[in-house]
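This report looks at how a protein meets two strands of DNA and at the charged pairs and helix packing within the protein itself. Please keep the sequence and the model at hand while reading.

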Amino acid sequence: MPELPEVEGVVRQIRPAAIGKKIEEVFVSDTIRVSKTSGKEAIIKRMETDMFISRLMGAQIISVERRSKYIYFTLKKDGEFLLVNHLGMSGAWFYVDSLLSIGEEKFRKHVHVVLSLSDGNLLAFSDIRRFGEMRVLKEETDFPPLLLMAPEPFEESALAHFLQMAESPKYQNKPIKEVIMDGQVISGCGNIYATEALFKMKIHPNRAAKRISRTRKVELFQTIVAILLESIEAGGSTISDYRNVNGESGNMQNRFGMYGKKQCMECGSMTKSLQIGGRTSVYCPTCQK
DNA sequence: TTTTTGATCCGGAAGC
DNA sequence: TGCTTCCGGATCAAA
């Protein structure tokens, strides 16, 4: 599951490959075409397939940036506009000379959008579960949820924003895990890194936000930021379906203390799991209070 | 009005 | 082996 560090890795690799290139052709898989034709919002959101293709065709890629877990491609054709992409559960980009160069079959057979670039190479978007998203926007304001996202966690304003949100009426009674996984509170922290940060801080995931002191909240925020940075350094985490643009897995999963563990790496207790905000939360009943 | 729940996008892993 | 069930980021409509 790609979270912020994985998306950052992808963006860093796509950027040098894509910037300045022109999109000469756009290919959308038959699977997506059929789903779209039957009225579903499969990957390409709020736009018909043919319109999506004609908007991208002939555009030049000006920049590739990450915002939270989203990838923003700034494109230029007449004026500038955005292609906003979310990797969802299993989305992956490959920069290859041919689709046959995608090594693993499970990715190769689920390629759904291909951008053919002016350097002769392809930027191919593969998505096994099709939870990924592509949106063509005139500007960011055309998709309001983007504007509600918390600041980037590495920005100076992010800590104050986090404290203000976590202590607001809407969030103060909620389990802390649900709070830190909310993109309006902190950007880019999903189940994996929330689990790891709470384990490191020895905080029970179900503890109400207001039952954590200001000092501990600050420490928790700093722990999340540190883990995100550590993961970026490690090339992200590969749980099942994350691959970088060269098809490689990350290494961060080898440093986990809790996520996906049956036994606590600290004390050896059997871990427990519970549903918080509709998501599975693993924790150590001995270490996390 | 606000918050919560459920459906939606799916294939694959796991359990029987 | 084949069937059923469960899982998940994020959004959006419905309750």
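A polar contact is taken here as a pair of N or O atoms within 3.5 Å. The model is a predicted one, and every distance below is computed from it.

## Contacts with DNA strand B

Ser-35 meets this definition, since an N or O atom in the side chain of Ser-35 lies 3.0 Å from a phosphate oxygen of DNA strand B. A phosphate oxygen of DNA strand B is also found 2.5 Å from an N or O atom in the side chain of Arg-130, whereas for Arg-129 the partner of the side-chain N or O atom is a base nitrogen of DNA strand B, at 3.0 Å.

The surroundings of DNA strand B include, besides these three, Lys-40, Glu-41, Ala-42, His-110, Ile-128, Phe-131 and Lys-174. By residue type, this surface divides into three nonpolar, two polar and five charged residues. On the DNA side, 61% of the strand B atoms within 4 Å of the protein belong to sugar or phosphate, and the rest belong to bases.

## Contacts with DNA strand C

Around DNA strand C there are 14 residues, of which Met-1, Lys-69, Arg-129, Pro-145 and Thr-280 come nearest. The side chain of Lys-69 places an N or O atom 2.9 Å from a phosphate oxygen of DNA strand C, and a polar side-chain atom of His-86 lies 3.1 Å from a phosphate oxygen of this strand. For Tyr-70, the partner of the side-chain N or O atom is a sugar or linking oxygen of DNA strand C, at 3.1 Å.

The surface near DNA strand C is made up of six nonpolar, four polar and four charged residues. Of the strand C atoms within 4 Å of the protein, 65% belong to sugar or phosphate, with the rest in bases.

## Helix α2 and its two faces

Ser-35, whose side chain has a phosphate oxygen of DNA strand B at 3.0 Å, is one of the buried residues of α2, together with Ile-32 and Lys-36. Seen down the axis of α2, these buried residues fall within an arc of 95°, and they therefore line one face of the helix. They pack against β1 (23-28), α3 and β6 (111-117).

The face of α2 turned away from the buried side carries the exposed residues Asp-30, Val-34 and Thr-37. After α2 comes Gly-39, which has a positive phi, near 95°.

## Salt bridges within the protein

The count of salt bridges comes to 13. One of them joins the side chains of Glu-8 and Arg-12, with N and O 2.8 Å apart; because the two residues are four apart in helix α1 (residues 4-18), about one helical turn separates them. Glu-8 is buried, with a relative accessible area of 11%, while Arg-12 is partly exposed at 46%. Both residues belong to a network of salt bridges that also links Arg-66, Arg-67 and Glu-152.

Asp-50 and Arg-33 form another salt bridge, their closest N and O atoms being 3.5 Å apart. This pair links distant parts of the chain, with Asp-50 in helix α3 (residues 49-56) and Arg-33 in helix α2 (residues 30-37), 17 residues apart. Asp-50 is exposed, with a relative accessible area of 53%, and Arg-33 is partly exposed at 31%. Glu-133 and Arg-135, by contrast, are both buried, and their salt bridge has its closest N and O atoms 3.0 Å apart.

Notes
Residues numbered from 1 in each chain as written. Chains lettered and ligands numbered in written order. Predicted model: local features only at pLDDT ≥ 70, side-chain atom pairs only at ≥ 80, totals over all residues. Heavy atoms only, no water. Near = heavy atom within 4 Å. Polar contact = N/O pair within 3.5 Å; in protein donor to acceptor, adjacent residues only side chain to side chain. Nonpolar A, V, L, I, M, F, W, Y, C, P; charged D, E, K, R; others polar. Salt bridge = Lys/Arg side-chain N within 4 Å of Asp/Glu carboxyl O. Buried < 20%, exposed > 50% of the residue type's maximum accessible area, 1.4 Å probe, protein only. Arc of directions from axis to C-beta. Contact = heavy atoms within 4.5 Å.
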